[in-house]
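Reader: I want to know what the labels rest on. Take me through the terms and the values behind them.

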Amino acid sequence: MNPIQAGSFLTLHYRLTGPDGADIVNTFGALPATLSLGAGQLSPAIEARLIGLPEGAHERFELAPGEAFGDRNPELLQRVKLALLRQLGDPDEVYHVGDVVQFPGPDGQGGYAGVVRELGEEALLFDFNHPLAGQPVSFEVQVIGVL
């Protein structure tokens, strides 16, 4: 049996659940996922738990608050002026608390998302933390193949 190693190419089913037990991602009952370990498709803490598992393994891991997606960082709560939002996006957009807004990366490549936490007359408060930052999560995996 092939054990998972750094750089392994994997075919697997997995389920990630949040602190309330609700599925965030679940490939069981659908097509399995394929990924390359170390390519950033899973958090480093989850990848570390996979190292050494053989083909056919079916495991469940509990990750402590902040372990999978880091701790919440108060510096990632930022106010963005409505004028800038209108300049970068749809000038007629109406924002609501809980909306997820995509922002372009500073180099024009890729981007990042923020969640509207507070509405203001001139600016909105965005949370750029990962939604699961500071939260405990559960990860279930069934390893189908390892290359």
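Author: Start with contact: heavy atoms within 4.5 Å. By that rule, and leaving aside neighbours within four places in sequence, Leu-50 is in contact with Ile-4, Leu-10, Leu-37, Leu-42, Phe-61, Phe-139 and Val-141. This is a predicted model: local features need pLDDT of at least 70, side-chain atom pairs count only at pLDDT 80 or more, and totals for chains, interfaces and linings use all residues. Residues are numbered from 1 along each chain as its sequence is written, and side-chain values use heavy atoms, without hydrogens and water.

Reader: Why is Ser-8 called buried?

Author: Buried means under 20% relative accessible area, exposed over 50%, partly exposed in between (1.4 Å probe, protein chains only). Ser-8 has 6%, so Ser-8 is buried.

Reader: What makes the link between Ser-8 and Gln-5 a polar contact?

Author: A polar contact is a pair of N or O atoms within 3.5 Å; within protein, one must be able to donate a hydrogen and the other to accept it, and residues adjacent in sequence count only if both atoms are side-chain atoms. The Ser-8 side chain reaches the backbone nitrogen of Gln-5 at 2.8 Å.

Reader: Why is Glu-67 called partly exposed?

Author: Its relative accessible area is 33%, between the two cut-offs, so Glu-67 is partly exposed. Glu-67 touches Ala-45 and Arg-49, not counting residues up to four places away in sequence. Pro-136 is 69 residues from Glu-67 in sequence, yet 7.4 Å away in space, C-alpha to C-alpha.
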